[in-house]
Amino acid sequence: MMSQGQGLRLISYQSRPIVSHPFLLTAHTLKPSRSWNHFSFKTPGMPKPFHLELPLPLPSHNSHQTQTGTQDDGIPSDDVKLIAKFKTRYNYIRVLQVSRRADHPFAGSRLLLLDSPGNIHSISFLFKSLTNTYFDVFATLPPILPPGAVGILGFGAGSAARLMLELYPDLIIHGWELDPSVVAVGREYFGLEKLEKQNPNRLFISIGNGLKASIRNGFAGILVDLFSKGSLIPELQESSTWHKLRKSLRKGGRIMVNVGGSCVEAEDEGRDGKMVMEETLKAMHRVFGDKLFVLNLGNRKDDDSSLALTGELAVPDRDAWKKALPRSLKGYVDMWAPYQG
């Protein structure tokens, strides 16, 4: 462990480089529905198009843009296969397979959709680990945490856990998922069962309410990705929730949150994504004060998709953080800005 700057402790995890740089998804790769971040799949036999929540990637001099012929038509239906579809008490579960032949950044991916609008809740690729979505930002958290386990509240099919277990060989993860069917789908279609067998002493999954998650001596860090029916759960707009989560951290621990934004489409039209995001950030600010930072993955006011991070983050801290990350993830560090509520 090394210390850089006041209030920030970094663990010198030996991270494994995965790719040299992320690809840059542009508006030329899929027909946009509501924003550049939000696209739709058109598949035969479906009453509604699938809308996919897809944050824009970080700007990088290593990134490249690929303009394709799919701008007007989206991904051809022949390149998208629905391999599972059913409803549970909590979710409308669908698993999509995108052909490796598709002329699209999602080529070769498997996607998990859990609500009627069709926001993506998990994504995996056969031949690469990075997803070029907010899951990659989640994976930057461990180097700025004290020693200890990381909790993932809203585990999904394990997209964030898979990447972090690969990057940080000593990391221990405890995941919570409310719907047991989501975990079952993860094991059957997203390689979660194999991941568990490969990491029997590093990955632990519990079925239940993530807001009641706890471990002995507290979490070193918590990732919060709690959505229901296409919207952040209402509890995240309450200060009491963040007081409780803060108490579940050990000294020096941090929380990183997917707070959504305008690009997230809820089943309830009254749950506007941007409004819910702003209310969530206000509730966090009442608890964490000036130790709250926001990373915005959108490039326009009407297509924001954001994450929040708690704790101090001075310039020396950022430099040390970047040194602890693989090249493909370093660019996210400088995108964090103090919350301006």
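Me: What makes H6 the element that gives the most to the lining of the largest cavity?

Reply: The count of lining residues does. In this predicted model, H6 supplies 3 residues to that lining, the most given by any element. A residue counts as lining because it has an atom within 4 Å of a cavity point. Strand S15 (231-232) and strand S16 (249-260) also bring at least two residues each, alongside helix H6 (273-288).

Me: Which residues are closest to the centre of the largest cavity?

Reply: Ser231, Leu232, Val264, Gly273 and Val276 are, out of 13 that line it. The space inside comes to about 50 Å³.

Me: Why is a space like that called a cavity and not a pocket?

Reply: The test is whether a probe can leave. A 1.4 Å probe fits inside a cavity but cannot get out, whereas a pocket is an open set, so the two names are kept apart. With a cut-off of 30 Å³ or more, the whole structure holds 4 cavities.

Me: How do you know what chemical mix lines the largest cavity?

Reply: By sorting its residues into classes: 7 are nonpolar, 5 polar and 1 charged. Gly falls in the polar class by definition, so Gly273, one of the residues closest to the centre, is counted as polar.

Me: Which residues line the second largest cavity, and what makes one of them charged?

Reply: The lining consists of His121, Ser122, Phe135, Ile152, Gly154, Phe155, Gly158, Ser159, Ala160 and Asp225. Asp is in the charged class, along with Glu, Lys and Arg, so Asp225 is the 1 charged residue here. The others divide into 4 nonpolar and 5 polar. Strand S9 (120-125) and helix H2 (159-167) each supply at least two of the lining residues, and the cavity holds about 50 Å³ of space.

Me: Why is H2 described as largely enclosed by the rest of the structure?

Reply: Buried means under 20% relative accessible area, and 7 of the 9 residues of H2 are buried, so the helix is largely enclosed. Those buried residues are Ser159, Ala160, Ala161, Leu163, Met164, Leu165 and Leu167. Ser159 and Ala160 also appear in the lining of the second largest cavity.

Me: What is the volume of the largest pocket, and which elements help line it?

Reply: Its volume is about 460 Å³. Of its 25 lining residues, Leu178, Leu226, Phe227, Ser228 and Ile233 are the closest to the centre. S9, strand S11 (173-177) and strand S14 (227-228) each supply at least two residues. By class, the lining divides into 11 nonpolar, 9 polar and 5 charged residues.

Definitions and conventions:
Residues are numbered from 1 along each chain as its sequence is written. This is a predicted model: local features need pLDDT of at least 70, side-chain atom pairs count only at pLDDT 80 or more; totals for chains, interfaces and linings use all residues. Side-chain values use heavy atoms; hydrogens and water are left out. On a 1 Å grid over the protein atoms alone, a cavity is a set of points where a 1.4 Å probe fits but cannot get out, and a pocket is an open set with protein on both sides within 12 Å along at least five of seven lines; lining residues have an atom within 4 Å of a point. Grid points are joined across faces, edges and corners, and a volume is the space filled by probe spheres set on the points. Helices (H or I, at least four residues) and strands (E, at least two) are DSSP runs, numbered from the N terminus. Buried means under 20% relative accessible area, exposed over 50%, partly exposed in between (1.4 Å probe, protein chains only).
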